[in-house]
Amino acid sequence: MVRFERFQLSNGLRVLVMPDTATPMAVVNVLYDVGARDEEESRTGFAHLFEHLMFGGSVNVPEYDDPLQMAGGENNAYTTNDLTNYYIQIPAENLETAFWLESDRMLSLAFSEKSLDVQRKVVMEEFKEHYLNKPYGDVWLRLRDLSYKVHPYRWMTIGKELSHIEHAGLQDVKDFFFKHYRPVSAILVVAGNVTAERVRELAEKWFGPIEAGVRYERSIPAEPKQSAPRRIEVVADVPLDAFYKCWHIYSRLDPRYYAADLITEVLGGGGSSRLYQALVKEQKLFSNIECYHFGTVEPGLLCIEGKLVKGVAMEDAEAAVERELAKLKAEGISEAELQKVKNKTESVIAFEDMSLMNRANSLAFYELLGDAELMNTELDRYNRVTAQDIKDEAAIIFDENNSNTLYYRAKV
């Protein structure tokens with residue numbers, strides 16, 4: 001059970017406090033309710049660009065990292081299609097340093113052509129290195145575009161095209177900042193050796209004076225139900241043929257999400273999973289194979305991907321995957337197998353919760369979903385999933401008309 005207190009500043013900033021006296025440290029986590037899904041199709045990659053710009057100095061602090069390191073702190077950030085998250089870990093006695101730094105860059109970045117030019121180049125190099133020049137790097141650029149036709153999940157956080165970041169202007173960047181990086185769109189979680197009274201005092205002092213901003217009203221088009229299978233084929237300079245197939249699944253708050261999550265464990269959760277046992281160990285068709293999903297806030301994708309053993313035909317590999325899916329749909333799973341994946345899920349949750357940083361991060365995410373208290377009832381929802389639920393959902397998800405397949409062939 002995660003115990004926390006919650007309050008809200010007059011400017012709309014939501015604050016959650018999670019005391020833990022067993023540590024001398026504190027974590028300050030600021031989650032902004034903005035991700036790649038909030039970008040315009042002609043201007044993608046902005047949320048991720050901001051992850052970099054937010055470290056480029058603010059109005060009063062030209063070098064973000066220097067004072068933080070002097071106080072014994074460390075920090076990082078990440079962007080997803082749904083959110084942007086910044087976090088600091090610091091000795092609790094220096095907690096105010098973290099409040100000062102985070103509030104100052106929320107107040108206003110030091111917008112300059114120089115800073116934008118530096119970070120733009122960094123992001124462009126990242127795009128080239130990880131997505132254009134790396135073997136299989138463009139897989140999800142292609143698969144997202146194949147799987148989604150109207151929803152903004154059809155581009156990755158890095159952006160849809162390199163040119164979007166290349167041509168990002170200073171005014172574009174300022175507009176995006178003041179639209180999304182406001183107290184009314186943020187969630188502050190403070191965890192560790194802290195008290196609610198001290199956090200409230202620091203929050204009022206450092207964040208209270210910041211103008212609330214206008215609440216961004218999200219209006220994202222729903223992806224139409226897919227009615228026919230989609231397939232593409234790529235030939236590239238890669239070491240092995242690779243197979244990718246994905247299906248649309250449910251949003252993070254849909255009760256059926258938990259069955260879909262457990263299905264990925266049954267099929268692809270490590271060496272004892274069905275796909276690994278059947279297709280890697282027994283039939284030796286794949287050198288490795290995985291099944292996973294993205295856990296997105298809005299309806300997402302479940303994917304099976306694997307690298308083929310040399311000499312295996314792509315069609316044979318896909319047919320073998322389909323046989324395993326047909327078996328799951330026809331026979332379901334035993335109570336023992338269900339209990340095994342539930343136990344593993346419980347272990348993963350418990351292990352993640354051991355880290356103060358992870359607990360703070362999770363609390364912010366559940367608050368974004370609608371209520372941080374959901375964090376305490378998550379395991380119950382997994383435990384309510386039945387073997388019949390697994391069978392029923394497998395039949396719905398693994399419908400060929402719901403599928404998107406990529407054959408990624410190595411050049412001969």
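This section describes the interface between the two domains of the protein chain in a predicted model.

The domain assignment places domain 1 at residues 5–208. Domain 2 covers residues 230–410. Their C-alpha centres are 29 Å apart. Domain 1 brings 37 residues to the contact, and domain 2 brings 39.

Between them, domain 1 and domain 2 bury about 3,300 Å². Carbon and sulfur atoms account for 69% of this area. On the domain 1 side, three residues stand out: Tyr136, Trp140 and Leu146 provide 22% of the area that domain 1 buries against domain 2. No other three residues supply as much.

Polar and charged interactions also cross the interface. The count of residue pairs in polar contact between domain 1 and domain 2 is 15. The rule for salt bridges finds 5 across this interface. Elsewhere in the description of side-chain pairs, arginine 6 and glutamate 367 form a salt bridge, with an N to O distance of 3.0 Å.

Several secondary-structure elements give two or more residues to the side of domain 1 that touches domain 2. They are strands S2 (14–19), S3 (25–32), S5 (84–91) and S6 (186–192), together with helix H5 (139–147). H5 makes the largest contribution to this side, with 7 residues. By class, the domain 1 side that touches domain 2 holds 20 nonpolar residues. A further 10 are charged and 7 are polar.

Key
Residues are numbered from 1 along each chain as its sequence is written. This is a predicted model: local features need pLDDT of at least 70, side-chain atom pairs count only at pLDDT 80 or more; totals for chains, interfaces and linings use all residues. Side-chain values use heavy atoms; hydrogens and water are left out. Domain bounds come from an automatic or database domain assignment. Contact means heavy atoms within 4.5 Å. Buried area is the accessible area (1.4 Å probe) that two parts lose on being put together, summed over both. A salt bridge is a side-chain nitrogen of Lys or Arg within 4 Å of a carboxyl oxygen of Asp or Glu. A polar contact is a pair of N or O atoms within 3.5 Å; within protein, one must be able to donate a hydrogen and the other to accept it, and residues adjacent in sequence count only if both atoms are side-chain atoms. Helices (H or I, at least four residues) and strands (E, at least two) are DSSP runs, numbered from the N terminus. Ala, Val, Leu, Ile, Met, Phe, Trp, Tyr, Cys and Pro count as nonpolar, Asp, Glu, Lys and Arg as charged, and the others, Gly among them, as polar.
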